[in-house]
Amino acid sequence: MGIADRIGGAPISWGVCEAPGWGYELFADRVLAEMAALGLRATELGPTGYLGMTSADVRAMLDRHGLRLIGGFLPVPMHVGTEADLAAAALAMDTLAAAGAEVVVLAARSADGSYDRKVRLDDGEWRRLFATLEILREMAADRGLWPSLHPHVGTAVEDRDAVLRLLDGSDVPLCLDTGHLLIGGMHPAELLEQAADRISHVHLKDVDLAVAATVRDGGRSYMDAVKAGLYTPLGAGDADVAGIVDRLETAGYTGWYVLEQDCALSGPPVAGDGPVGDVRRSLAFLMEVAR
């Protein structure tokens, strides 16, 4: 399939996020209706329960809007890896699999789920993370899901050193997120040079690098940076999105390109206005790249 057939959406582009206190959450029916109106035919799940509490509810919600499920983001505190955390991850994967998902996007989240602090691990915690990651990979495989580890701001795998340690200590497939890698200080091109064959999923963001620098140096929280315009529509920021997509295609990548521009809302936008406009611009840019 060509690029145009592998473009998906995500509720986070409409301000829907699992992080505590993120902002106003639009109703799922509005978000999915706007995705469908843009011509998108697939989406990631969003926070657990957002599209429904059961797999049947999720399928019904998606069917109502003519969408299929790509997968879902699953943050787990892997350096802790308690039985309760693993049980919750198993339930989330059960829902994903039963709802027709292909991918589970894993993140090594902080202990409290916040993205506003650096997560630094000692050697023992890294060993625990790798062991937990293997358990999660087996859980995913048992459910027919493809696991993909997402380097992400505010998690244990955020900056360049942590990504390199992950590459050295595990052969887990990777989610290349153009925004989070740049914020963490690693250019996506470097990851492609070292591990293009391990990229199994892609989140496309464009980034204002001046704002990103304030997150990297600790001068601004991740959420404040998002509100300050950290992410732009594709083609309007400093990331070489077109070049990254070209390198992925040349390397033989056949997975999804999920449009992800994290945003946070203070209230409901007027119908037809708000985040949908930025997603429309990003989609138009990517369709031009696909040509």
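**Close-up views of two cavities and a buried leucine**

**Figure 1. The lining of the largest cavity mixes residue classes.** Its residues divide into 10 nonpolar, five polar and six charged. This is a predicted model, and the largest cavity in it holds about 220 Å³ of space. Of the 21 residues that line this cavity, Ile12, Cys17, Glu18, Phe73 and Glu260 are the closest to its centre. If you are wondering how many cavities of 30 Å³ or more the structure holds, there are two.

**Figure 2. The second largest cavity has a lining without charged residues.** Here we look into about 60 Å³ of space. Around this second largest cavity sit Leu45, Gly46, Pro47 and Thr48, together with Gly72, Phe73, Leu74, Ala92 and Leu96. Two elements, β3 (68-76) and α3 (83-98), each give two or more residues to the lining. Which of the elements gives the most? That is β3, with three residues. Sorted by class, the lining of the second largest cavity has six nonpolar and three polar residues.

**Figure 3. Leu51 is a buried loop residue.** Leu51 can be found in the loop that lies between β2 (42-44) and α2 (55-64). Is Leu51 buried or exposed? Leu51 counts as buried because its relative accessible area is 2%, and the cut-off for buried is under 20%.

**Figure 4. Leu51 and its contacts.** Leaving aside residues up to four places away in sequence, Leu51 touches Ala28, Leu32, Glu44, Leu45, Asp57, Val58, Met61 and Leu62. Take Leu62 as one of these partners: Leu62 and Leu51 are 11 residues apart in sequence, and their C-alpha atoms are 8.0 Å apart in space.

Notes: Residues are numbered from 1 along each chain as its sequence is written. This is a predicted model: local features need pLDDT of at least 70, side-chain atom pairs count only at pLDDT 80 or more; totals for chains, interfaces and linings use all residues. Side-chain values use heavy atoms; hydrogens and water are left out. Helices (H or I, at least four residues) and strands (E, at least two) are DSSP runs, numbered from the N terminus. Buried means under 20% relative accessible area, exposed over 50%, partly exposed in between (1.4 Å probe, protein chains only). Contact means heavy atoms within 4.5 Å. On a 1 Å grid over the protein atoms alone, a cavity is a set of points where a 1.4 Å probe fits but cannot get out, and a pocket is an open set with protein on both sides within 12 Å along at least five of seven lines; lining residues have an atom within 4 Å of a point. Grid points are joined across faces, edges and corners, and a volume is the space filled by probe spheres set on the points. Ala, Val, Leu, Ile, Met, Phe, Trp, Tyr, Cys and Pro count as nonpolar, Asp, Glu, Lys and Arg as charged, and the others, Gly among them, as polar.
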